[in-house]
Amino acid sequence: MSTGDLLKIEPQELQFPFELRKQISCSLQLANKTDSYVAFKVKTTNPKKYCVRPNTGIVMPRSTCDVIVTMQAQKEAPLDMNCKDKFLLQSVITSPGATPKDITPEMFSKESGHNVEECKLRVVYVSPPRPPSPVREGSEEGSSPRASISDNGNFNNSEFIAASKTFAESQDTSSEAKAHILKLNEEKNSAIQLNMKLQQELDLLRRQTKKGPGGISFIYVVLIGLVGLILGYLMKRT
């Protein structure tokens with residue numbers, strides 16, 4: 001902060017968290033150390049680059065005033081992040097009850113005999129704050145459950161037991177499904193073999209029928225039809 005007799009200014013450096021193509025602001029606080037009305041004016045070496053609100057004003061006795069300095073969005077970063085821009089804050093005692101409308105350029109002219117205090121402020125670029133790292137809420141898909149680790153590095157036993165139980169239940173369910181599929185495949189294979197055997201017997205009966213009188217038994221044909229229906233049902237289940 002400054003050591004002037006009129007205003008206490010903080011901070012003494014205008015720190016901007018520099019980011020390309022982004023408008024950035026920082027603030028100054030002016031505190032009146034006197035029992036008088038103090039007028040102030042802010043100047044900069046690069047007026048096209050910065051916007052100061054307010055750039056002039058009145059700080060009443062023993063009170064404070066905030067000044068916002070905004071740097072326009074920049075297309076290029078300076079070499080080594082060094083900035084040569086500077087600000088000059090001038091302050092002078094004015095008449096009691098004065099308002100910003102009463103401020104004139106002549107009030108800050110030393111040649112007119114006014115006691116003008118000046119404080120130089122430099123611009124500093126700092127790195128922007130890093131966003132917090134995202135925390136994954138669960139384990140990756142397909143990975144086995146692992147025990148949670150508490151802040152002090154110890155395993156969370158209850159969570160480990162719950163995860164192990166869930167994993168075991170999933171394994172049991174998977175085993176039951178595999179056994180059911182295996183059973184259906186066995187039934188399918190048995191039905192296919194039975195169908196082949198019946199087809200062979202049917203062909204044999206047809207050949208015998210051609211050699212002599214008579215025909216295929218009606219009961220035997222019904223039996224063949226029932227076996228076909230059973231085979232179709234089993235095929236749909238698999």
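**Salt bridges**

I searched the whole structure, which is a predicted model, for salt bridges, and the search returned five of them. I followed up three of these pairs, beginning with the one that involves arginine 122.

Arginine 122 pairs with glutamate 13, and I read 2.6 Å between the closest N and O atoms. I then looked up where the two residues sit: arginine 122 belongs to strand β9 (residues 117–126) and glutamate 13 to strand β2, so this salt bridge ties together parts that lie 109 residues apart in sequence. For accessibility I noted that arginine 122 is partly exposed at 46%, and that glutamate 13, with a relative accessible area of 25%, is partly exposed as well.

Next I took lysine 22, which forms a salt bridge with glutamate 19, the closest N and O atoms being 3.4 Å apart. Lysine 22 has a relative accessibility of 40% and counts as partly exposed, and glutamate 19, at 31%, is likewise partly exposed.

The third pair I entered is aspartate 85 with lysine 49, where the closest N and O atoms are 2.9 Å apart. Aspartate 85 lies in the loop between β7 (64–71) and β8, while lysine 49 lies in the loop between β4 and β5 (50–53), so the pair ties together parts that are 36 residues apart in sequence. Are these two residues buried or exposed? Because the cut-off for buried is under 20% relative accessible area, I enter aspartate 85 as buried at 10%, and lysine 49 as buried at 13%.

**Chain overview**

I then stepped back to the whole chain, whose secondary structure comes to two helices and nine strands. Read from the N terminus, the order of elements is β-β-β-β-β-β-β-β-β-α-α. Of the 238 residues in the chain, 25% are buried, and I noted an exposed area of about 17,300 Å², 54% of which is supplied by carbon and sulfur atoms. Among contacts with a separation of 6 or more, 69% come from residues 24 or more positions apart.

**Five-stranded sheet**

I traced one open sheet of five strands in the order β2-β9-β8-β4-β6, and I recorded its pairing as mixed. Its edges are β2 (13–17) and β6 (56–59), each of which has a single partner strand, so one side of each is left without a neighbour in the sheet. From one strand to the next, the twist averages 25°.

Within this sheet I checked how β4 and β8 are joined: strand β4 (residues 37–44) and strand β8 (residues 86–94) run antiparallel and are connected by eight bridges. For a single position I looked up valine 42, which stands opposite leucine 89 in β8.

**Four-stranded sheet**

The other sheet I entered is also open, with four strands in the order β1-β3-β7-β5 and antiparallel pairing. Here β1 (7–10) and β5 stand at the edges with a single partner strand each, so one side of each has no neighbour in the sheet. I noted an average twist of 20° from one strand to the next.

β1 and strand β3 (residues 24–32) run antiparallel, and I found four bridges between them. Which residue in β3 is the bridge partner of glutamate 10? I find that the partner is glutamine 29.

I also checked where the side chains of β1 point. In a regular strand the side chains alternate between the two faces of the sheet. Along β1 this alternation is seen, with Leu7 and Ile9 pointing to one face and buried, whereas Lys8 and Glu10 point to the other face and are not buried.

**Helical part**

Turning to the record, I found that an unreviewed UniProt entry lists residues 181–208 as "coiled-coil region". I compared this with the model, where residues 181–208 are 100% helix and 0% strand, and the C-alpha atoms at the two ends of the stretch are 41 Å apart.

Lastly I looked up glycine 228, which is found in helix α2 (residues 218–237). Glycine 228 is partly exposed, with a relative accessible area of 37%. Between the C-alpha atoms of glycine 228 and leucine 198, which are 30 residues apart along the chain, I noted a separation of 9.9 Å.

Methods
Residues numbered from 1 in each chain as written. Predicted model: local features only at pLDDT ≥ 70, side-chain atom pairs only at ≥ 80, totals over all residues. Heavy atoms only, no water. Pairing = 2+ DSSP bridges. Axes fitted to C-alpha atoms, helices over the stretch in contact; angles between N-to-C directions. UniProt positions renumbered as here; feature names shortened; annotations may be inferred. Salt bridge = Lys/Arg side-chain N within 4 Å of Asp/Glu carboxyl O. Buried < 20%, exposed > 50% of the residue type's maximum accessible area, 1.4 Å probe, protein only. Contact = heavy atoms within 4.5 Å. Areas by Shrake-Rupley, 256 points an atom, 1.4 Å probe, with all protein chains shown as cover.
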